[in-house]
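Colleague: Got a minute to go through this one with me? I'd like to hear the reasoning behind the labels.
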Amino acid sequence: MDSTESFPLRKSVPWRTLDTEALVVDVKGGLLYPLNSVGARIWDLCDGARSVDEIVGVIADEFAAPETTIRTDAIEFIERLADAKLISIERRRQGESR
Amino acid sequence: MAERTPRIDVAGLVFRVGGLAAAGRAWVEERYGPFLSRRAPTFGVQVRVSERYRPGRMPRPSAAWHDGRFALASHPSRADGDLARRRVAFRAGPGPALNPDLFRLLCSFLLMQKGGVLIHASAVVDGSGAWVFSGPSGSGKTTIAGLAGDRVVLNDETIALRPAPRGWRACATPFYGSGGPSMARVNDSAPVRGLCFLRKSSRFAHRRLTPTEVVSRAFPEVMLPKRDARVAERLLATLASLGAAVPAWELAFTPDPAIWSYLDGLD
């Protein structure tokens, strides 16, 4: 995973935020994924424009944890979302950044 | 003399069930007896036997909904309906005239349209309201219903939860579980006092659940397939509203009638 990739949510995925947490439905499996506040924030940042570096930067600003830990956890979490087909991993267009 | 057409009232949804032969009508009146009604129907169900038994792998139940029309399937029956015309064509396979699995799916789908849910739960009316006990098979729903004593049991397996002007109501349904027909003897409802997600234990214990936990615990217990995005989205909204309005706990319990006084002390 590198800075040339972004992570748009899949259009057909129902989800809802409740307070600082979120619930995401995998309609193919009929399963519900509850996300804690950090997971919900990463989900919110998977907007199809931000790279993993930008997502890690935001999380590091908002949550008290070492950036290396955040990076490892964020990459693993994003990969799990992609494996469950809740988000896509796409190549960003050249020059695109927030 | 014209033959009667049965009407079945489930949580305020009144179904007029037409197209039944005499034997099928007798079966429906026997199976759904306590839920027969004279109220004006809200939905017309026309039953037609049109499918033969087909051996092989049984497809999973499904629910799809688009532009006011819906299709529900629970092998070997299926229902195709029109929300605006309030009509459902119920194609029965071999077996009961009104397949309870599909009829339950139909009730669940229509209840969702009214902002409610049909949930895998038992419920017992105690004092000012109903305690609703949810959880997967084996979690103790029927066990708790069996401890009701002279309290009213709304059901041991399937409960309708509907928003009302003052909070939510738990409504009886005819879809009983391992407790058998005695668990669906009355068509009654009561305000929800609390919602408990069960865990069998050797002692009583409880933990208050957050609204997010309520949604994530209740979602798998809603009796609808969730593989249609619109259905899943609607359920999330309904359960979020339920979780915000109704106190809920994780409840570890032992099968002891002292459960009712324990519940009175929940905070």
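Modeller: Sure, here are the labels and the cut-offs behind them.

Modeller: This is a predicted model, where local features need pLDDT of at least 70, side-chain atom pairs count only at pLDDT 80 or more, and totals for chains, interfaces and linings use all residues. Residues are numbered from 1 along each chain, chains are lettered from A in the order in which they are written, and side-chain values use heavy atoms, without hydrogens and water.

Colleague: Why is A:D19 called exposed?

Modeller: Exposed means over 50% relative accessible area, buried under 20%, partly exposed in between (1.4 Å probe, protein chains only). A:D19 has 77% relative accessibility, so it counts as exposed. A:D19 also has a positive phi of about 60 degrees, although it is not a glycine.

Colleague: And what makes A:K85 partly exposed?

Modeller: Its relative accessible area is 49%, so A:K85 is partly exposed. Phi of A:K85 is positive too, near 60 degrees, in a residue other than glycine.

Colleague: How many salt bridges does the rule find across the interface of chain B and chain A?

Modeller: Zero. The rule wants a side-chain nitrogen of Lys or Arg within 4 Å of a carboxyl oxygen of Asp or Glu, and no pair across the interface of chain B and chain A counts as a salt bridge.

Colleague: What do chain B and chain A bury between them?

Modeller: About 1200 Å², 75% of it on carbon and sulfur atoms. That's the accessible area (1.4 Å probe) that two parts lose on being put together, summed over both.
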